[in-house]
Amino acid sequence: MTVQPARHIGIGIECPFAETYEFLAEPENFPKWASGLGHSFEPAGGLDWRAQTPMGPMTLRFSPRNAHGVLDHSVIPDGGAPMHNPMRLLANGEGCELVFTLYRRGGVTEAEYERDAAWVAHDLAGLKALLESAGSLRA
């Protein structure tokens, strides 16, 4: 059994847990903040969506809505193995914390892993700014 190296990248968000979860639980909102996940999201049935990702067109599979703040998603290349991306939203006072787990997959260099971590941190900062700006969730 092999355990992949993992890094937990988190950010505090000054927006109520329930509002943040509702925003994040809608896959069509991901292109508003998750540049690393891609764009042109289209429903593909059930929990699956198709998107243009930085690595080409892929299927994205999102977790079902739940009361536990689980926002996992998998990126599934056509004919390839799914890449699971755990993401958790945690209540924190009147706001919340979002934690993304970035696995270092086989064949990824240290420099590529650092670049990916910086990209995730950049996207989370963009999400924070979006959610903390007035009226962003109603747009």
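Helices and strands are here DSSP runs, numbered from the N terminus. In this predicted model, helix α2 supplies 8 residues to the lining of the largest pocket, the largest share of that lining. The pocket has a volume of about 620 Å³. Its lining comprises 26 residues, and those nearest the centre are G36, M55, N85, L102 and D116. At least two lining residues come from each of β5 (73-77), β6 (83-85), β8 (95-103) and α2 (110-132). When the lining of this pocket is divided by class, 16 residues are nonpolar, 4 are polar and 6 are charged.

One of the residues nearest the centre of the largest pocket, N85, belongs to strand β6. Its relative accessibility is 9%, which is under the 20% limit, and N85 therefore counts as buried. The side chain of N85 makes a polar contact with the backbone oxygen of M83, at 3.3 Å.

Strand β6 also forms part of an open sheet of 5 strands, in which the order is β2-β3-β4-β5-β6 and the pairing is antiparallel. The edges of the sheet are occupied by β2 (39-43) and β6; each has a single partner strand, so one side of each lacks a neighbour in the sheet. On average, neighbouring strands of the sheet are turned by 25 degrees against each other, direction ignored. In general, the strands of a sheet pair through backbone hydrogen bonds, in either a parallel or an antiparallel manner.

The pairings within this sheet can be followed strand by strand. Strands β3 (residues 48-53) and β4 (residues 56-62) run antiparallel and are joined by 6 bridges. In this pairing, Q52 has P57 of β4 as its bridge partner. Strand β4 is in turn joined to β5 by 5 bridges, again with an antiparallel course, and F62 stands opposite H73 of β5. Between β5 and β6, which also run antiparallel, there are 3 bridges. Here V75 stands opposite M83 of β6. The hairpin of β5 and β6 has 5 residues between the strands, and within this hairpin G79 takes a positive phi near 75 degrees.

Strand β5 was examined further with respect to burial. Of its 5 residues, 5 are buried, so β5 is largely enclosed by the rest of the structure. Both of its faces are covered: S74 and I76 are buried on one side, and H73, V75 and P77 are buried on the other.

Besides the pocket, the model contains 1 cavity of 30 Å³ or more. The volume of the largest cavity is about 50 Å³. Its lining consists of Y21, L24, A25, F62, S63, P64, R65, V70, L71 and D72. Among these is F62, the residue that stands opposite H73 in the pairing with β5. By class, the lining of the cavity includes 7 nonpolar, 1 polar and 2 charged residues.

A final set of values concerns F17, which is placed in helix α1 (residues 17-24). The relative accessibility of F17 is 25%, a value between the limits of 20% and 50%, and F17 therefore counts as partly exposed. Although F17 and L90 are 73 residues apart in sequence, their C-alpha atoms are 7.2 Å apart in space.

Technical notes: Residues are numbered from 1 along each chain as its sequence is written. This is a predicted model: local features need pLDDT of at least 70, side-chain atom pairs count only at pLDDT 80 or more; totals for chains, interfaces and linings use all residues. Side-chain values use heavy atoms; hydrogens and water are left out. On a 1 Å grid over the protein atoms alone, a cavity is a set of points where a 1.4 Å probe fits but cannot get out, and a pocket is an open set with protein on both sides within 12 Å along at least five of seven lines; lining residues have an atom within 4 Å of a point. Grid points are joined across faces, edges and corners, and a volume is the space filled by probe spheres set on the points. Ala, Val, Leu, Ile, Met, Phe, Trp, Tyr, Cys and Pro count as nonpolar, Asp, Glu, Lys and Arg as charged, and the others, Gly among them, as polar. Helices (H or I, at least four residues) and strands (E, at least two) are DSSP runs, numbered from the N terminus. Two strands pair if DSSP finds at least two bridges between them. Axes are lines fitted to C-alpha atoms, for helices over the stretch in contact, and angles run from 0 to 180 degrees between N-to-C directions. Buried means under 20% relative accessible area, exposed over 50%, partly exposed in between (1.4 Å probe, protein chains only). A polar contact is a pair of N or O atoms within 3.5 Å; within protein, one must be able to donate a hydrogen and the other to accept it, and residues adjacent in sequence count only if both atoms are side-chain atoms.
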